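Open the model in your viewer and have the selection tool ready. The tour makes three stops, taken one after another.

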Amino acid sequence: MAQNTVEKTSVTLLGLGAMGTALARTWLAAGHPLTVWNRTPARAATLAAEGARAADSAAEAVAAHTLVVVCLLDDESAGKVLADVDLAGKDLVNLTTSTPAQARARAAWARERGARYLDGGIMAVPPMIGVPQAGGYVFYSGSRELFERHEKTLGVPVGTTYVGEDPGFAALHDVALLSAMYGMFAGAAHAFALVRKEDIDPAALAPLLADWLVAMAPAVHGTADQLRSGDYTKNVVSSLAMQVAGTPTFLSTAEQQGVSPELLTPYFQLMRRRMAESGGEEDLTGVIDLLVR
């Protein structure tokens with residue numbers, strides 16, 4: 001009986017750090033022919049033992065296949081590695097962390113060299129790669145046609161989310177979400193600091209804190225709705241005036257607990273500025289307009 005086999009897209013991968021190695025192993029496990037290159041040859045040798053082809057140079061690796069995935073330290077590293085490489089006719093997918101401006105400039109740079117370009121922002125850490133239930137994914141932006149052509153292959157290691165033709169949008173979405181994450185981490189750090197000197201087990205506070213953050217997360221939908229409509233008084237649950245009135249309690253509690261208020265003070269200052277400019281009947285959404293220069 002003849003076997004029904006489906007040819008898997010061949011992939012070139014440049015960069016074998018923790019993330020690159022995780023990507024490589026999932027493509028290999030799924031049966032994709034893979035050529036790899038890394039500045040440190042030992043990492044490529046390890047993957048060669050697992051079935052990858054290790055190239056001696058970035059140029060050799062790029063020449064091997066049409067689909068070229070770059071996962072290096074930063075945009076400068078990507079530029080140096082690809083500087084003298086023939087990219088004509090290649091489908092270049094750049095998963096290197098960059099700013100939106102760098103992604104747009106790299107897209108133009110790639111087009112000048114005859115390559116098609118997709119930029120990616122990875123919303124995952126290496127242990128999430130190859131584990132669908134972990135919830136990781138990659139933002140992609142740039143050519144929609146190129147994304148659709150390789151979506152199945154790119155989705156093997158981790159999920160895919162296309163966010164637009166503008167090559168900078170993947171990086172922008174990446175940094176936007178990570179910025180919110182660090183704001184959450186800052187709030188959690190302040191919360192743990194408040195109880196640090198008390199007879200309160202941080203392990204007992206953690207699930208309460210996590211549940212509270214999850215319960216508050218849907219508020220972003222209301223913020224988005226107010227931004228779209230321009231009406232910051234729409235469906236207000238707790239007015240800006242009411243929230244500003246409560247801020248002295250947070251600051252006094254921090255002082256009494258011997259905790260610096262430096263993580264809270266900037267936001268509270270913005271809240272007071274917004275109330276002074278617009279009154280206190282609206283929601284916190286107006287703070288966003290103070291941040292946009």
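Begin with two helices of this predicted model. Select α10, residues 240-256, together with α11: their axes come within 10 Å and cross at roughly 145°. The contact is made on the α10 side by L240, A241, Q243, V244, T247, F250 and L251. On the α11 side, show T265, F268, M271, R272, R274 and M275, which complete the contact. What is the handedness of the crossing of α10 and α11? The crossing is left-handed.

Next, follow the chain out of α11. This helix covers 265-278, and the loop between α11 and α12 (286-291) holds T285. Select T285 and turn on the surface. Is T285 buried or exposed? T285 counts as buried because its relative accessible area is 2%, under the 20% cut-off. Now show what surrounds T285. Apart from neighbours within four places in sequence, T285 is in contact with T223, Q226, L227 and Y232. With one of these, Q226, T285 also shares a polar contact: the two side chains are joined at 2.3 Å.

For the last stop, move to the strands. Select β7 (residues 137-142) and β8 (residues 159-162), which pair in the parallel sense over four bridges. To find one bridge, pick V138 and look across to T160, its partner in β8. Then add helix α6, residues 144-154, to the selection. Together β7, α6 and β8 make a β-α-β unit, and this unit is right-handed.

Definitions and conventions:
Residues numbered from 1 in each chain as written. Predicted model: local features only at pLDDT ≥ 70, side-chain atom pairs only at ≥ 80, totals over all residues. Heavy atoms only, no water. Pairing = 2+ DSSP bridges. Helix = DSSP H or I, 4+ residues; strand = E, 2+ residues; numbered from the N terminus. Right-handed = clockwise from strand over helix to strand, strands pointing away. Buried < 20%, exposed > 50% of the residue type's maximum accessible area, 1.4 Å probe, protein only. Polar contact = N/O pair within 3.5 Å; in protein donor to acceptor, adjacent residues only side chain to side chain. Contact = heavy atoms within 4.5 Å. Axes fitted to C-alpha atoms, helices over the stretch in contact; angles between N-to-C directions. Left-handed = near helix turned anticlockwise from the far one by under 90°.
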